[in-house]
Amino acid sequence: MSKSKINWYKYAAPANFYPLAGKVLPWFTGLAIILFAAGLYIGFFVAPPDFQQGNSYRIIYIHVPAAWMGMLLYVLLAIYSGLGWAFNARLASMMASAIAPTGAIFTFLALVTGALWGRPAWGVYWVWDARMTSTLILMFLYIGFISLQSSIDDTRRADRAGAVLAIVGVINVPIIYFSVQWWNTLHQGATIRLGSRPSMAPIMLAAMLIMTAACWVYSIAVVLARLRTIILERESEAPWLAEAPALQNNYAVE
Amino acid sequence: MNGPSILSMFRWVVWRDLLLAWRRRSDVLATLFFFIIIVSLFPLGIGPEQELLRTIAPGVVWVAALLASMLALGRTFGNDYQDGTLEQLMLTPQPLYLIVLAKVLAQWLVSEVPLVLVAPVLGLQFGLSQNTLAVMTVSLLLGTPVLSLIGSIGAALTLGLRSANVLVALLVLPLYIPVLIFGAGAIEATVSGGEAQPFLLLLGATLVLALMFAPWATAAALRISVE
């Protein structure tokens with residue numbers, strides 16, 4: 001870190017991070033659009049239909065990346081809010097608040113696409129499969145975090161309370177996952193398992209990886225955009241923002 | 001060291017909360033009757049077939065216990081927060097971890113133990129065998145302290161908020177899921193002639209984990225909420 005030319009601590013201050021985020025935001029947005037277009041094109045037109053499931057399998061190009069992002073963003077959320085709490089870093093806490101809605105939406109998307117895929121593949125929209133159940137619970141955790149933060153007016157308390165909840169949740173995620181998995185095997189509800197899927201053709205894998213990258217870049221872009229509005233909202237009294245009316249106008253135009 | 005010793009402080013907090021609960025007996029009874037009514041509603045909604053009732057009994061009893069324990073959570077810190085006692089307790093030199101543990105113990109004794117005692121009677125309504133009733137009581141005895149411990153985190157986080165009661169359900173119920181699975185699983189296993197012990201052991205493990213970590217998280221949450 002000492003050899004690095006970038007002073008990372010500088011960008012922990014919202015006043016310095018705000019313009020930086022504004023500068024990189026168009027790049028991430030553009031990249032996300034390109035990746036989504038490429039991934040969807042390969043997924044829909046280049047990749048062949050599955051020999052068992054026909055064309056309905058193509059929903060996995062959005063389903064699998066969404067499920068990954070849902071889980072990953074929850075861990076990131078816990079890390080950022082924990083950092084914000086431990087080091088009193090405002091920006092990290094704001095980052096956590098900015099991540100939460102995106103994570104919840106991806107988890108929701110994973111559930112909906114999973115249900116839509118399940119209908120042609122399994123014949124039912126929903127089975128109490130271990131993965132589906134734990135994804136559902138993950139969405140409850142997101143909703144808990146968001147509603148706790150939004151019902152506390154004092155932002156300092158909201159950040160810290162959210163951090164406690166996120167950390168308790170992250171410790172609980174593996175316990176919940178294993179308990180659900182065990183419960184599922186004992187009840188023997190789902191007869192069709194996701195794990196028995198045949199290995200993928202390289203072109204399908206490529207499409208899925210591109211879509212995963214697209215979801216990553218999209219998340220970064222959306223989180224940065226949301227972070228910028230959160231900074232504007234919370235720092236509206238701060239001198240750096242009051243002295244720079246150009247920034248506010250800029251925001252208004254956007 | 002100034003002030004009372006740690007142990008006498010612990011005893012004092014528990015005793016005080018028990019005394020307060022005794023003077024507001026109706027609160028305690030309301031939780032208990034809530035539990036009884038919820039459990040009794042299920043046969044009315046589902047039908048009186050003995051076989052079916054026996055199958056759903058574990059889940060019904062545990063879900064009702066979860067909901068009833070939610071009702072009591074607000075009281076753990078709520079009254080003390082309003083009259084300022086909580087602030088005084090947090091200013092004492094004794095560790096907050098211990099004070100939290102004492103309050104949770106009192107809360108468990110007041111709101112959960114009556115449920116555990118009355119549950120076998122409700123189990124009889126569902127036609128459970130004597131062996132199953134015993135397992136149910138043990139599983140509730142092991143599981144309900146975990147509910148109180150995890151619930152105290154939620155209660156501390158939502159202290160003094162407008163919609164605290166609804167919010168606490170949203171925060172705490174997903175975290176209750178492992179307890180529900182292990183607890184209902186133990187009863188279920190005995191109903192279907194299986195082995196209940198692994199479930200009870202897992203419940204015990206959850207209890208140990210919760211005892212170690214939950215009061216710590218609750219203490220952190222209290223410090224955040226009372227500033």
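Helices here are DSSP runs of H or I, at least four residues long, numbered from the N terminus. With that in hand, chain B reads α-α-α-α-α-α-α-α along its sequence. That comes to eight helices and zero strands. And to be clear from the start, this is a predicted model.

Let me stay with chain B. Its radius of gyration is 18 Å, and the globule rule gives 17 Å for 227 residues, so chain B is as compact as a globular protein of that length. Along the principal axes, its C-alpha atoms fill a box of roughly 60 × 35 × 30 Å. Of its 227 residues, 47% count as buried. Now the contacts. Take those in chain B with a separation of 6 or more: 80% of them join residues 24 or more positions apart.

Chain A next. Again we have eight helices and zero strands, in the pattern α-α-α-α-α-α-α-α. Chain A has 254 residues, and buried ones make up 36% of them. For contacts with a separation of 6 or more, residues 24 or more positions apart account for 78%.

How far can we trust chain A? Its average pLDDT is 83, and 87% of the residues score at least 70. Among its elements, α2(A) has the highest mean, 92. Helix α8 of chain A, residues 245-253, has the lowest, 52. Over residues 188-193 of chain A, pLDDT stays under 50. The model still gives that stretch eight contacts beyond four places in sequence. A caution applies: where pLDDT is low, the predicted coordinates should not be read in detail.

Back to α2(A), for a geometry check. The helix covers residues 60-87, which is 28 residues. At 1.5 Å a residue it should span 40 Å. The end C-alpha atoms are 40 Å apart, so the two agree. Right after the helix comes Asn88(A), with a positive phi near 60 degrees.

Now the interface. How many residues does each chain bring to the contact? Chain B gives 21 and chain A gives 22. On the chain B side, three helices each supply at least two residues: α6 (130-157), α7 (164-191) and α8 (197-225). Of the elements there, α7(B) gives the most, with ten residues. By class, that side of chain B has 16 nonpolar, three polar and two charged residues.

On to the core. The largest nonpolar core holds 133 residues. Which members touch the most others? They are Val164(A), Val61(B), Ile150(B) and Ala221(B). Here too α7(B) gives the most, with 17 residues. Look at Ile150(B) in detail. Leaving aside neighbours within four places in sequence, Ile150(B) is in contact with Val172(B), Leu175(B), Tyr176(B), Ala210(B) and Ala214(B).

One last residue, Ala196(B). Where is it? In the loop between α7 and α8 of chain B. Buried or exposed? The cut-off for buried is 20 or more other C-beta atoms within 10 Å. Ala196(B) has 21, so it is buried. Not counting residues up to four places away in sequence, Ala196(B) touches Val135(B), Ala186(B), Ala189(B) and Thr190(B). Compare its position with Leu157(B), which is 39 residues away along the chain. The C-alpha atoms of those two residues are separated by 35 Å.

How values were computed. Residues numbered from 1 in each chain as written. Chains lettered and ligands numbered in written order. Predicted model: local features only at pLDDT ≥ 70, side-chain atom pairs only at ≥ 80, totals over all residues. Rg over C-alpha atoms; globule rule 2.2 N^0.38 Å. Buried ≥ 20, exposed ≤ 12 C-beta atoms within 10 Å, placed from the backbone. Contact = placed C-beta atoms within 7 Å. Expected span 1.5 Å × (residues − 1). Nonpolar A, V, L, I, M, F, W, Y, C, P; charged D, E, K, R; others polar. Core = buried A, V, L, I, M, F, W, Y, C linked by C-beta atoms within 7 Å. pLDDT = per-residue confidence, 0-100.
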